[in-house]
Amino acid sequence: MSITLRTSPEPRVSVLVLTQKDPGLLRGCLRSLAQHLPADIAAEVLVLCNGATPEVVAVAQREVAGARVFVSTVNLGFGGGNDRLAREARGELLLLLNDDAEVEAGWLEPLVQTLDEHPRAAAVGSRILFPDGRVQEAG
């Protein structure tokens with residue numbers, strides 16, 4: 001196993017990762033999670049190989065420890081794939097993450113804090129940057 005994720009038996013946050021075509025993207029995403037999941041927030045990572053290539057399935061099943069991996073032989077789409085993982089999630093909060101995302105230090109704490117401060121909020125969004133640092137989305 002080349003990527004080890006810290007996982008909690010009683011997670012507050014379930015990170016749902018959909019993957020399909022690029023094993024390199026999946027590795028990058030999961031490595032960033034392994035490095036930047038904060039120790040003070042109980043979390044779990046669930047990966048759905050969503051109609052994925054055999055190479056992607058192999059990475060998810062053989063190179064990753066600490067994630068719960070699920071395989072759908074058909075692409076369920078974004079909504080269907082996240083719905084599938086949400087049924088398996090144990091966390092109070094669901095975080096939807098595509099495999100092309102790489103998180104940075106301090107990424108999760110403000111999201112959880114915002115939901116704690118606004119308990120009626122159904123969703124929060126983070127700032128998303130392109131690889132060159134330009135803003136793609138801003139919350």
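The following exercises, each with a worked solution, concern the predicted model shown above.

Residues are numbered from 1 along each chain as its sequence is written, and side-chain values use heavy atoms, with hydrogens and water left out. In this predicted model, local features need pLDDT of at least 70 and side-chain atom pairs count only at pLDDT 80 or more, whereas totals for chains, interfaces and linings use all residues.

**Exercise 1. The whole chain**

Determine how many helices and strands the protein has, in what pattern they follow one another, and how the radius of gyration compares with the globule rule.

Solution.

Step 1. Helices (H or I, at least four residues) and strands (E, at least two) are DSSP runs, numbered from the N terminus. On this basis the protein has four helices and eight strands.

Step 2. Along the sequence, these elements give the pattern β-β-α-β-α-β-β-α-β-α-β-β.

Step 3. The radius of gyration is taken over C-alpha atoms, and the globule rule is 2.2 Å times the number of residues to the power 0.38. The protein has a radius of gyration of 14 Å, close to the 14 Å that the rule gives for 139 residues, so it is as compact as a globular protein of that length.

Step 4. The C-alpha atoms fill a box of roughly 40 × 35 × 30 Å, taken along the principal axes.

Step 5. A residue is buried under 20% relative accessible area, exposed over 50%, and partly exposed in between (1.4 Å probe, protein chains only). Of the 139 residues, 39% count as buried.

Step 6. A contact means heavy atoms within 4.5 Å. Among contacts between residues at least 6 apart in sequence, 70% join residues at least 24 apart.

**Exercise 2. Helix H3**

Establish whether the end-to-end distance of helix H3 agrees or disagrees with its expected span, and find where its buried residues lie around the axis.

Solution.

Step 1. The expected span of a helix is 1.5 Å times one less than its number of residues. For the twelve residues of H3 (residues 77-88) this gives 16 Å; the end C-alpha atoms are 17 Å apart, which agrees.

Step 2. The buried residues of H3 are Gly-81, Asn-82 and Leu-85. They cover an arc of only 95° around the axis, which puts them on the same side of H3. The arc is that of the directions from the helix axis to the C-beta atoms.

Step 3. The cover over these buried residues includes S2, strand S3 (43-50), strand S5 (67-72) and strand S6 (93-98).

**Exercise 3. Helix H4**

Identify the buried residues of helix H4 (residues 109-117) and name strands that cover them.

Solution.

Step 1. In H4, the buried residues are Leu-111, Val-112 and Leu-115. Their arc around the axis is only 95°, which puts them on the same side of H4.

Step 2. Strands S2 and S6 are included in what covers them.

Step 3. Leu-95 lies in strand S6 and counts as buried, at 12% relative accessibility. Beyond residues up to four places away in sequence, Leu-95 touches residues including Leu-16, Leu-108 and Leu-111. Leu-95 and Leu-16 are 79 residues apart in sequence and 5.9 Å apart in space, C-alpha to C-alpha.

**Exercise 4. Two asparagines**

Decide for Asn-50 and for Asn-75 whether each is buried or partly exposed, and state what joins their side chains.

Solution.

Step 1. Asn-50 is placed in strand S3 and is buried, with a relative accessible area of 5%.

Step 2. Asn-75 is in the loop between S5 and H3 and counts as partly exposed, at 42% relative accessibility.

Step 3. A polar contact is a pair of N or O atoms within 3.5 Å; within protein, one must be able to donate a hydrogen and the other to accept it, and residues adjacent in sequence count only if both atoms are side-chain atoms. One such contact, of 3.2 Å, joins the side chains of Asn-75 and Asn-50.

Step 4. Each side chain also reaches a backbone nitrogen: that of Leu-76 lies 2.8 Å from a polar atom of the side chain of Asn-50, and that of Gly-77 is reached by the side chain of Asn-75 at 2.7 Å.

**Exercise 5. Arg-6**

State where Arg-6 is placed and which backbone oxygens lie by its side chain.

Solution.

Step 1. Arg-6 is in the loop between strand S1 (3-4) and strand S2 (13-19). Arg-6 is partly exposed, with a relative accessible area of 32%.

Step 2. The backbone oxygen of Leu-37 lies 3.1 Å from a polar atom of the Arg-6 side chain, and for the backbone oxygen of Pro-38 the distance is 2.4 Å.
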